[in-house]
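I opened the notebook to record what I looked up in this structure. The entries follow in the order I made them.

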Amino acid sequence: EEIKKLKYLLLVSVFLSFPLIMAMFSGMLGWGLDFLHDWRLQLVLATPVQFLIGFRFYKNGWHSIKSGSANMDVLVAMGTSAAYFFSLYNSLFQQGEKHLYFEASAVIITLILFGKYLETVAKGKTSEALKRLMELQAGSATVIVNGNEVKTLSYTFEIITPIHKTVWFSFLVLGLCILAGIGMAFQLSG
């Protein structure tokens, strides 16, 4: 569910940030996309990325500061807020050519969100692989013992010569004879 949420937020963020990137490149390369340089359009595109999609950075950063430390979320929130509010100030109060950095704040949030998405996907795959590996481990084995009472760790079972007794693998000790059936899997070490 976390992966789906991050994927949705990432797609929305990319969708809103792309025109801002195009505005930056069109200015540098002279592509003639002047309508993308309108500060009102850039403000409308950058605001949801900054405060709705980027809210997680503000929230986590605030909790980090309250606990007496600063983490990456604090850095992201401060850096992107500086670019956003500087651009907002320039949009409202600067005369003539306006220097806007809305694309910087939106792209930084988008790229960091992409990194978090990749991290979450990798963690999910690792957890699934560990779960499958644990499923390979058999839970119990049949032990054949000739003798009297056998004690293993904290588990005791009685032997009536000869007997087949099922015990958990964690209770096996060196010297026990294990009955192996067709298709049974054993994972023992030591």
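Where does S13 lie? I found S13 in helix α1. This is a predicted model, and I read every entry with that in mind.

**Entry: S13**

I asked next: is S13 buried or exposed? S13 has 0% relative accessibility, and buried means under 20%, so S13 counts as buried. I then listed what S13 touches, leaving out residues up to four places away in sequence. The list is V49, I53, A106 and T110.

**Entry: helix α1**

I took the whole helix next. Helix α1 covers residues 2-29, which is 28 residues. I read 39 Å from its first C-alpha to its last. That is close to the 40 Å expected at 1.5 Å a residue.

Where does the kink in α1 lie? I placed it at S17, with an angle of about 30 degrees. The proline P19 comes shortly after the kink.

I wrote down the buried residues of α1: L6, L9, L10, S13, L16, S17, L20, M22, A23 and S26. The kink residue S17 is on that list, and S13 is there too.

I also looked at what comes after the helix. G30 follows α1, and its phi is positive, near 65 degrees.

**Entry: M22**

M22 is another residue of helix α1. Which residues does M22 contact, leaving aside its neighbours within four places in sequence? I noted W31, L33 and L36. For L33 I also took the spacing: its C-alpha is 8.1 Å from that of M22, and the two are 11 residues apart along the chain.

**Entry: α2 against α3**

I turned to helix α2 (residues 39-53) and helix α3 (residues 55-66). Their axes come within 4 Å and cross at roughly 35 degrees. From α2, the contact uses Q50, F51, L52 and I53. From α3, it uses F55, R56 and Y58. I sorted the contact residues of α2 with α3 by class: 5 nonpolar, 1 polar and 1 charged. I53 had come up before, among the residues that S13 touches.

**Entry: V76**

I found V76 in helix α4 (residues 72-93). Its relative accessible area is 5%, under the 20% cut-off, so V76 is buried. Neighbours within four places in sequence aside, V76 is in contact with F57, S81 and I112. F57 is 19 residues from V76 in sequence, and their C-alpha atoms are 6.7 Å apart.

**Entry: F102**

F102 belongs to helix α5 (residues 102-136). Is F102 buried or exposed? With 0% relative accessibility, F102 counts as buried. Its contacts, again without neighbours within four places in sequence, are L20, W39, Q42, L43, A46, Y84, S87, L88 and S91. L20 among them is also one of the buried residues of α1. I checked S17 as well: F102 and S17 are 85 residues apart in sequence and 9.1 Å apart from C-alpha to C-alpha.

**Entry: whole chain**

I closed with the overall figures. How many helices and strands does the protein chain have? I counted 5 helices and 5 strands. From the N terminus on, the order is α-α-α-α-α-β-β-β-β-β.

The protein chain has 190 residues, and 29% of them count as buried. It exposes about 12,700 Å², with 65% supplied by carbon and sulfur atoms. Of the contacts between residues at least 6 apart in sequence, 55% join residues at least 24 apart.

How values were computed: Residues numbered from 1 in each chain as written. Predicted model: local features only at pLDDT ≥ 70, side-chain atom pairs only at ≥ 80, totals over all residues. Heavy atoms only, no water. Helix = DSSP H or I, 4+ residues; strand = E, 2+ residues; numbered from the N terminus. Expected span 1.5 Å × (residues − 1). Bend = angle between axes of the 7 residues up to and from the residue. Buried < 20%, exposed > 50% of the residue type's maximum accessible area, 1.4 Å probe, protein only. Contact = heavy atoms within 4.5 Å. Areas by Shrake-Rupley, 256 points an atom, 1.4 Å probe, with all protein chains shown as cover. Axes fitted to C-alpha atoms, helices over the stretch in contact; angles between N-to-C directions. Nonpolar A, V, L, I, M, F, W, Y, C, P; charged D, E, K, R; others polar.
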